[in-house]
Amino acid sequence: MTRNPRLEINLAKLTDNARTVVGRAAAQGVEIVGVTKVCCGAPEVAMALKKGGVAMLGDSRVENIARMREAGVPGPFVLIRLPMLSQADDVVRQADYSLVSDVTTVRALGQAAARAGRKHGVIVMVDVGDLREGFWPDQVPVAVDEILTVDGVELAGLGVNLTCYGAICPSPANLGILTGLAADLQSRHSLKLPIVSGGNSSSLGMLWNGTMPGGITQLRIGEGIMLGCETLERECLQGLHHDAFVAVAEAVEVRRKPSVPIGEVAQDVFGNVPAFEDRGVHQRVILALGRQDAMFDSLVPCDEGVLILGGSSDHTILEVSGREAHIGDEFRFTPGYGALLALNTSPYVQKLFLS
Ligand SMILES: *Cc1c(COP(=O)(O)O)cnc(C)c1O
């Protein structure tokens, strides 16, 4: 049974996208971690990415990794948000690796791993300028010396994250800091660091142009596989599907009305003072879909003649031209990342998996 609103998830397209990204990466010596966080670790999506050949699955939430494990999805699993001290036991039970940027955390993971009788892999994050997580590059050698003494954990490698907080682009210079540190550590400690994790979907452009610097062995890719784009300019990447996800919502009112509200203007429901373009009297459709389901400002209508005018918690208002709309009509949209996140996390939205 289909319900509205719903998110249609085309698993075959996700497998195709994963396979294409994995193939491009393999040609440059790079493995792919398929990142499932935008889908809350939906096991169906995780299996689709595994089928496409991703080497590992990554998620930001221990709960999502547990969900995948319980559904029998094969790992290995990487926790890609820095672990909470209070979750150390769950982290080592559910995840095979985690990204870390603090020695105290690594010690807690080591103790938890010892209690559980396991080894936990850690990937030490280096901040090369985006100013989210990571040791400052000059702190890495000392941190690694300490981490190498912690029982229960294994240093699996180094990583960076870019283009999240600071919107900094990956470059030969900043990725070079990472690969340089990895090379120094390997020769100084005569150890092998199998993972040099060079970022997220913002690095896909380099992969597509064949300009990924040598020494990067892994990328962690979510949005690129899900939506088929890189994330510097949100350019579509050739050979990927851009419509694996479609949001569907239903019309609950259709009426011709003016486009400019009548009366004195104050604040709207979100505290903004709105401005309205006079588009004359036009056909307006109210959808039963709002911010509780999706960020309507990051939805793109699939059909011609549909314009999103605005919305509130539970409603989205459209202008529909060129045809008669009717109550009960379904309208289809391609979600951007923000909308996709909301659609997946909203309990009001049906997730319909298409194979
Ligand atoms: C979300 C996230 C990713 C994946 O990012 P995309 O842009 O969706 O590919 C990779 N690494 C970390 C640490 C993340 O938080």
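**Questions on a predicted protein-ligand model**

Modeller: Of the 355 residues of the protein chain in this predicted model, 50% count as buried, and the chain's secondary structure comes to 10 helices and 16 strands.

Colleague: Why is threonine 316 called buried?

Modeller: The term applies under 20% relative accessible area, and threonine 316 has a value of 1%, so threonine 316 is classed as buried. This residue lies in strand β14, which covers residues 316-320.

Colleague: What makes the link between threonine 316 and leucine 289 a polar contact?

Modeller: A polar atom of the threonine 316 side chain lies 2.6 Å from the backbone oxygen of leucine 289, and the limit for such a pair is within 3.5 Å, so the pair qualifies as a polar contact. Leaving out residues up to four places away in sequence, threonine 316 also touches, among others, Val285, Ile286, Phe296 and Ile308.

Colleague: Why is tryptophan 136 called partly exposed?

Modeller: Its relative accessibility is 43%, and partly exposed is the class between the buried limit of 20% and the exposed limit of 50%, so tryptophan 136 belongs there. Tryptophan 136 is found in the loop between β6 (120-125) and α6 (140-147), and, apart from its neighbours within four places in sequence, it is in contact with Asp127 and Leu131.

Colleague: How do you know that β10 and β15 pair, and in which sense?

Modeller: At least two bridges are required for two strands to pair, and β10 (residues 245-258) has four with β15, in the antiparallel sense, so the two strands count as paired. Within this arrangement valine 248 stands opposite arginine 332 of β15. Strand β12 (residues 299-301) also pairs with β15 in the antiparallel sense, over three bridges, and there valine 300 stands opposite threonine 334.

Colleague: Which side chains of β15 point to the buried face, and which point to the other?

Modeller: The side chains alternate along residues 330-335, with Phe331, Phe333 and Pro335 pointing to one face and buried, whereas Glu330, Arg332 and Thr334 point to the other face and are not buried.

Colleague: Which residues of helix α3 are buried, and what do the buried residues pack against?

Modeller: In α3, which covers residues 62-70, the buried residues are Val62, Asn64, Ile65, Ala66 and Met68, and they pack against α2 (43-51), β3 (56-59), β4 (77-79) and α4 (88-94). Just after α3, glycine 72 takes a positive phi of about 85°.

Colleague: What makes the approaches of asparagine 161, glycine 222 and glutamate 223 to the ligand polar contacts?

Modeller: A polar side-chain atom of asparagine 161 lies 3.4 Å from a ligand nitrogen atom, a polar backbone atom of glycine 222 is 2.7 Å from a ligand oxygen atom, and a polar backbone atom of glutamate 223 is 2.8 Å from an oxygen atom of the ligand. The cut-off is within 3.5 Å, so these pairs are counted as polar contacts. The protein covers 93% of the 390 Å² of accessible area that the ligand has on its own.

Colleague: Which residues come nearest to the ligand, and how does its shell divide by residue class?

Modeller: Of the 13 residues around the ligand, Lys37, Ser201, Arg220, Gly222 and Glu223 come nearest, and the shell divides into four nonpolar, four polar and five charged residues.

Methods
Residues are numbered from 1 along each chain as its sequence is written. This is a predicted model: local features need pLDDT of at least 70, side-chain atom pairs count only at pLDDT 80 or more; totals for chains, interfaces and linings use all residues. Side-chain values use heavy atoms; hydrogens and water are left out. A residue is near a molecule or strand if one of its heavy atoms lies within 4 Å of it. A polar contact is a pair of N or O atoms within 3.5 Å; within protein, one must be able to donate a hydrogen and the other to accept it, and residues adjacent in sequence count only if both atoms are side-chain atoms. Accessible areas come from the Shrake-Rupley method with a 1.4 Å probe; for residues, only the protein chains shown count as cover. Ala, Val, Leu, Ile, Met, Phe, Trp, Tyr, Cys and Pro count as nonpolar, Asp, Glu, Lys and Arg as charged, and the others, Gly among them, as polar. Buried means under 20% relative accessible area, exposed over 50%, partly exposed in between (1.4 Å probe, protein chains only). Contact means heavy atoms within 4.5 Å.
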